[in-house]
Amino acid sequence: MIPVLAMENDFVKGLQPPMASFSAAVTNFSGISPSRTSLYPRHKLFQAQCRPFFLSRSSHFLLLMKDLTLPRRRKTPDTTICASFTDVTSNVALEEKLPPKGETWSVHKFGGTCVGTSQRIKNVAEIIVKDDSERKLVVVSAMSKVTDMMYALIHKAQSRDESYISSLDAVLEKHSATAHDILEGDNLASFLSKLQNDISNLKAMLRAIYIAGHATESFTDFVVGHGELWSAQMLSLVIRKNGIDCKWMDTRDVIIVNPSGSNQVDPDYLESEQRLEKWYSLNPCKVIIATGFIASTPQNIPTTLKRDGSDFSAAIMGALFRARQVTIWTDVDGVYSADPRKVSEAVILKTLSYQEAWEMSYFGANVLHPRTIIPVMRYGIPIMIRNIFNLSAPGTKICHPSVNDHEDIQNLQNYVKGFATIDNLALVNVEGTGMAGVPGTASAIFGAVKDVGANVIMISQASSEHSVCFAVPEKEVKAVAEALQSRFRQALDNGRLSQVAIIPNCSILAAVGQKMASTPGVSASLFNALAKANINVRAIAQGCSEYNITVVVKREDCIKALRAVHSRFYLSRTTISMGIIGPGLIGSTLLDQLRDQASTLKEEFNIDLRVMGILGSKSMLLSDAGIDLAIWRELREERGEAADLEKFVQHVHGNHFIPNTALVDCTADSVIAGYYYEWLRKGIHVVTPNKKANSGPLEQYLRLRALQRQSYTHYFYEATVGAGLPIVSTLRGLLETGDRILQIEGIFSGTLSYIFNNFKDGRAFSEVVAEAKEAGYTEPDPRDDLSGTDVARKVIILARESGLKLELSNIPVESLVPEPLQVCASAQEFMQDLPKFDQDFTKKQEDAENAGEVLRYVGVVDVINRKGVVELRRYKKDHPFAQLSGSDNIIAFTTRRYKDQPMIVRGPGAGAQVTAGGIFSDILRLASYLGAPS
Ligand SMILES: NC(=O)C1=CN([C@@H]2O[C@H](COP(=O)(O)OP(=O)(O)OC[C@H]3O[C@@H](n4cnc5c(N)ncnc54)[C@H](OP(=O)(O)O)[C@@H]3O)[C@@H](O)[C@H]2O)C=CC1
Ligand SMILES: N[C@@H](CC=O)C(=O)O
Ligand code: NA
């Protein structure tokens, strides 16, 4: 029995060749006789030429027939027609060899890019060969671009473009070159011969299409499916070369589908299963390389699985084999929580439920097409999305959610998996009092929409029933509006409907997640994030499916909205947008420390610090996603712009996607310090080593601290005293736990400590000062250290912290700056002239030395007497203050609890590393206040 399967009726346009000749031609060729004799009785077949154009177990034949009865003036289809047949009669006695029961099969699908080059085909083979733990069915797509090339052949042929011939040569060349790269000997020869044969058949078929000026759907499907046939054969030969028991499968022999609506097909599982059993009985093996994308109709006409066909093939095979797992190999690490081109923080999702994957793909995320999920979902077979170019990435697993997935209510990511958007939409709002309580209104509205063939993407109706609002693609909205105007003309005229309004330029933002909609707080967080980003929501829809909340926003707001909601659910609560002001010695050291520690903080503590801007006195560098701190200096050189404090602050804080902002002031500038109040009021946290704010005018200081206490905005300044030493925090700890400070006495200047620790053995004072400056201990202007001002500032900071209301001017300070140098115009001039006074300092030092004492520059906060003092004192050599070295600070807290023995903190109190470390630990303190784990 030979059913004639593919006589293309529309192609031959009613042409009816005499069956006798037709039949004879077929019989002649293959020794098989057609069963239907009623075909083409009116026409005379002039010439029939049959040859197999693809040989598999089902042989397809190409029949070129010249029909003499066609009127001469008709150019198309001229005198040649085509038909394809499938021989399903050669009923070879089948041994019942089914895919072995009890054996685990896994299904793998490799897309076009995975088999795009010879090397990639080898890589795929390696992945398959390496793991022999289970039997595998491997679905392959055509090599990348080949399917497009094949469609182009059809297009060219039917548009009578002769270049289809050279394009076909290119197809041949591509596959032949690949085969030469990966195959050898008999394998190569047999593949090339099949390839050559296919190409000459295709040439004949394309010629027919060229003549006809038309290609039917099944002809097209037949031609385009060749890419898969060739890639599957090549891959199977490479795998067999590795000694693996491997066969290739033309899935047109196995997967049977029925057309189901526009550009869709439904698999016939029962029939496919039977065909698989038959196929396997003839081809038992451990590894099957199957063609993706192509299938047959129940009448054995070649067809395709349409869009995303190879994924669908894999899913169908997964279901037919009851596979342990279906792995879709692609070129991305998995499914992202949002489009990574729009949201740089998008993350790869570890798991998705089938429904979530479904929803995400509906909204355009690069996930499996919903229909590819259905076959495997039925059997609960997990789908893995893996990156063939990054085998270390675990990928995304699509499966039934585990019961534990929803236990952790705190972790909102369990509820909202991802976000997706659809652009170019318009909202239609049908409004009027006449709609309420009138059955059939919705039906009339959507009936009118259906009549113009528009696709309704989202619907929302308030329970007051006064308006129905829905979204349609922008390009369809005009027709929809006209249809509604016409359908409701009367209602609009008599006022039952007040308007049919169109809101153009809209986008949909969808949040997708299992149980999201039924979990308290999730939608609140979503809308809160949108509100914070100042995004107006035009319409809302939440299906009862609970997997999706959809909002409509203005198109220009869409990416901003997407980023805002994504950050809300995916960024750590301790993501901080930071602006570093003053990339001098301390600021640049801090940036380098941040660079070195950022990934550890993110991975281990979930603290995500993003430097969004660096501001110097002349130039600044801004970034939207965070400056690459490995190259911040180069970037500043290349892309720096003129410094603008207002723009800088707006940039760092104006980013709605990052929940927290911190400005880190590493200048010594009192003007910058003057902004702290305003920043704190805006909710910007401030961290600084700059002493100017806390030692400035008392009133300003008190205002600042009062604001800090009232708000949840934080202000940290540990490095202002003792650099990285825990001085401010120690004092706070004492005070907050109810201790009473009596006195704080210490060496507060790293510079002066260094100078007096090293000013001995006949060394010149000026030389040691230069050393301290060089070591980075001094203030930007070293006179601030030598004058005692810097120490006085520290004394004031601690005094105020202890509750004393003192001004800087209340602290008597013994300056070490020689009187004549107090008027020097610059720090440089001061350093130049300082040697002139070396003798005076040497004298002081020798006097102390002769008395068995050392010079130490100390500061004292006398809390009992509510005063402070800064002076050069002499201490016996066995005094703790005499034991210091380097830039050591030493601070003794005498308190009610530490009265007999003061609490002492000692260690290096100046220098770039320790100071930047102190600022860094303030930043981390801020992160922990914001909720970072301890
Ligand atoms: N050195 C130390 O051991 C310690 C220092 N500190 C404090 O750290 C701070 C920084 O000191 P250090 O790094 O040594 O000083 P530097 O002079 O090396 O750096 C100061 C930086 O601030 C920048 N700057 C100054 N004014 C402004 C402004 N208005 N806007 C933007 N940027 C400005 C400067 O920019 P530009 O270069 O363009 O002029 C420079 O980059 C000081 O407040 C100091 O008291 C605290 C504890 C210890
Ligand atoms: N210049 C200061 C630096 C720290 O505040 C010092 O020397 O202590
Ligand atoms: Na400190």
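**Figure 1. Helices in the shell around ligand 2.** Two helices, α26 (750-758) and α29 (789-801), each contribute at least two residues to the shell around ligand 2 in this predicted model. The shell holds 13 residues, and those that come nearest to ligand 2 are Gly750, Thr751, Tyr777, Glu779 and Asp785. By residue class, the shell is made up of three nonpolar, five polar and five charged residues.

**Figure 2. Polar atoms beside ligand 2.** Nitrogen atoms of ligand 2 are approached by backbone and by side chain. From tyrosine 777, a backbone N or O atom lies 2.7 Å from a nitrogen atom of ligand 2. From aspartate 785, a polar side-chain atom lies 2.7 Å from a nitrogen atom of the ligand. An oxygen atom of ligand 2 has a polar side-chain atom of lysine 794 at 2.8 Å. On its own, ligand 2 has 250 Å² of accessible area, and the protein covers 94% of it.

**Figure 3. The sodium ion (ligand 3) and its donors.** Coordination of the sodium ion (ligand 3) comes from Glu718, Val721, Ala723 and Leu725, at 2.2 to 2.5 Å. Glu718 is listed with both O and OE, whereas Val721, Ala723 and Leu725 are each listed with O. Along the sequence, the donor residues follow the spacing E-x2-V-x1-A-x1-L. Two of these donors, alanine 723 and leucine 725, are buried.

**Figure 4. Tyrosine 929 in helix α32.** Helix α32 spans residues 912-929, and tyrosine 929 lies in it. Apart from neighbours within four places in sequence, tyrosine 929 is in contact with His714 and Phe716. Threonine 713 is 216 residues from tyrosine 929 in sequence, yet the two are 9.8 Å apart in space, C-alpha to C-alpha.

**Figure 5. The chain behind the close-ups.** The secondary structure of the chain comprises 32 helices and 34 strands. The chain has 934 residues, of which 56% count as buried. Among contacts in the chain with a separation of 6 or more, 71% are between residues 24 or more positions apart. About 39,900 Å² of the chain is exposed, and carbon and sulfur atoms supply 49% of that area.

Key: Residues numbered from 1 in each chain as written. Chains lettered and ligands numbered in written order. Predicted model: local features only at pLDDT ≥ 70, side-chain atom pairs only at ≥ 80, totals over all residues. Heavy atoms only, no water. Donors = N, O, S within 2.8 Å, 3.2 Å for Na, K, Ca; no water. Buried < 20%, exposed > 50% of the residue type's maximum accessible area, 1.4 Å probe, protein only. Near = heavy atom within 4 Å. Polar contact = N/O pair within 3.5 Å; in protein donor to acceptor, adjacent residues only side chain to side chain. Areas by Shrake-Rupley, 256 points an atom, 1.4 Å probe, with all protein chains shown as cover. Helix = DSSP H or I, 4+ residues; strand = E, 2+ residues; numbered from the N terminus. Nonpolar A, V, L, I, M, F, W, Y, C, P; charged D, E, K, R; others polar. Contact = heavy atoms within 4.5 Å.
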